[in-house]
Amino acid sequence: MESTSPETDLPLSDNALTVLARRYLRKDTEGNVVERPEDMFRRVAENIASADAGYGASESEVNGLADEFYGMMTRQEFMPNSPTLMNAGREFQQLSACFVLPVEDSMESIFQAVKDTAMIHKSGGGTGFAFSRLRPADDIVSSTRGVSSGPVSFMKVFDAATEAIKQGGVRRGANMAVLRVDHPDIMDFIEAKAEHTQLTNFNLSVGATEEFMRAVQRGEQFDLVNPRTGEAVGSLDAREVFHRMAELAWAGGDPGVVFLDRMNATNPTPHAGEIEATNPCGEQPLLPHESCNLGSINLAKMVTNAGEAAQIDWDRLRQTVHRAVHFLDNVIDMNRLPLDDIAHMTRLNRKIGLGVMGFADMLILLGVAYNSQQAVRTAEQVMEFVTEEAREASRRLAEQRGAFPNWEGSTYQQAGLPPMRNATVTTIAPTGTISIIAGCSSGIEPLFAVVFTRHVLDQDELLEVHPIFERMARERGFYSPELIKEVAAKGSLHEIEEIPADVRELFVTAHDVTPEWHIRLQAAFQEYTDNAVSKTVNFPNEATVDDVEHVYRLAYELGCKGVTIYRDGSRDEQVLTTGKTERAREEEQQPVAVTPRPRPAVVSGSTRAMRTGCGKLYVTINEDEEGPFELFATMGKAGGCAASQAEAIARLVSLAFRCGIPATEVIRQLKGISCHMPAWGEGGQRILSCADAVGKAIEQHVLPKGDQLAMDFTGTTHLGACPECGGTLVQEGGCNVCRDCGYSQCD
């Protein structure tokens, strides 16, 4: 790709322009960008506004509405979810990101769901499933006189189908699997990703019931129920199951938890079905065959004045909410959904999910610390206002267009409330990509970083500074290029004394915020959100399993509908603080020879099999009297790019060894290099690439077991390389996001 920064008159950052060019703007058959950002926003605005013509609006009224939609997007006040920006006004016209499909207890239903999943992933959507209706493993299958293989085995079929579609070049394929905690196969489900070698295209969430959570609190047993018969077939100790859930989430992030009974308690259309699953990031509980379109308001744009005079502009927020609800309701009419059953169910309930982003920026502008009770109060105040105004906007649309078809029998109708156009109106979604376009912090998360490194093709790495921090630093006289480099290196302002204390309190990042504050902010937003809240609760590497259990309990007690945690380094074996061994120190002090030493007649060594994304890599390290002398790296099957690169790495490493370069220096250079196909090795070790595998094999050879070299840590959560641009993936809002190009697994 040539230029990644299309010309524009809009106030968009270089990073936003890069994201737009890579992922959103129209391209010709040769991949050249043929659309400006203005053209994209105009295309989307006109397409979505045209739905009003179906309700009797005149051409001039439709044009005026298109101007309003265009204005709120170009002013970065509101952004719809990515499929709407990408596809509105184009041939594809699939505008939703969130889907839930039913999986009934029959081969026909299972493989129909696999087929439907393929169609949704092809259209750019993510899918959620409840596998709770499937009979457990070893249960009777009367039609074949055999036994069932159980839900987890069928999940692998969905996973393989998703992988095949991804290999075909589609943007992504994200899945959520939910299994009720009282399913007889629940322990197999909880353990399904323990080795990290399967179900790599799935997020897992245990569907916790009220009965289970009460049993956890009381230390009691709970029944396991066969879904085929409805009969209890055994029991488990609730606290033991709860502990194992926390233990595996501590180790690798899965499984998360969704509180099913709580989700159904706020299901507005129980007569239309039961909520059994959510979309891949957990913020959108949906009925089977339902979809939802999302959008988010940039709260940073809803603050007037600056400094001590700063305050929330409620009138502007109200106006934006009403426009956004109108926009999202129109999306339902303009949407070309991939399956007829989904189109039918979606239009029966007309759910929309209006959320927010830029919350951390808003707090900074208001002078409020993220990890404070005042931030919790601000969250409650803002989201209560957004939801009340969104419902009012939905009621006004119902007066003009009619209520959603499932209104009769809904909980609203039974409560005697005025008709609404939409069964739900608010959702807090991850906004990893659209927040880059809007130039604000992601969702309701703390700042990703105050200063971060952005990789630019064919250029040096660039340091991007949070604009409010830079302005404040210059105004107060503590800005310097050296300070910015120090902040980038440390990833946090916490220990930088030359930055005033009040500034350090404002500009906190995810790892400066304790897990308890993460949950309290999530709960504050959940209290006033129709659907659910997607948020990552970040833990430091040294956190314990008990710490995770505590947050799970707190999430339940505070009214959250689900919780996702991530302990730093748990997926990439990142080591935060370790001492160097005496052997490593000695090796570092050895002089580097200029001439390679000759090969002796006899050397001895060992071979390690390392699992990589390209297949098994066999790494042989031989030694002479002075230590490591040569290295051979052979792929399981010869030929191809991976095999040739492995050979090249091995030759260069061998040359380094023979020239006396310490093994620890070779390890530092290779370990941590990422590619788009990471894999999990023995004992849960994550192998980021073939180069990383070689580095870790050398490390295992030369260092005592359990001792690893310290790796640089910048305070952000790294999850490997972006498959599109090679940048760094981070986790925000329960979603993996690249801040360089905007790639996201769940936008």
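Start by selecting helix H25 (residues 690-702), which lies across S21, S22 and S23 and runs at about 140 degrees to S21. Here contact means heavy atoms within 4.5 Å; axes are lines fitted to C-alpha atoms, for helices over the stretch in contact, and angles run from 0 to 180 degrees between N-to-C directions. Helices (H or I, at least four residues) and strands (E, at least two) are DSSP runs, numbered from the N terminus.

The model is predicted: local features need pLDDT of at least 70 and side-chain atom pairs count only at pLDDT 80 or more, while totals for chains, interfaces and linings use all residues. Residues are numbered from 1 along each chain as its sequence is written, and side-chain values use heavy atoms, with hydrogens and water left out.

Next, select the three strands beneath the label S21-S22-S23, an open sheet with antiparallel pairing. Two strands pair if DSSP finds at least two bridges between them. Strands S21 (604-612) and S23 (627-635) are the edges, each pairing on one side only. Strand S22 (residues 615-624) pairs with S23 over eight bridges. Glutamate 623 stands opposite proline 628 in S23.

Add helix H23 (residues 640-658), which lies across S22 and S23 at about 175 degrees to S23.

Now move to helices H11 (residues 314-334) and H14 (residues 373-401), which pack at about 50 degrees with their axes 9 Å apart. That makes H11 oblique to H14 (under 35 degrees counts as roughly parallel, over 145 as roughly antiparallel, 65 to 115 as roughly perpendicular, the rest as oblique). To see the contact, show residues including Trp314 and Leu317 in H11, and Gln381 and Phe385 in H14.
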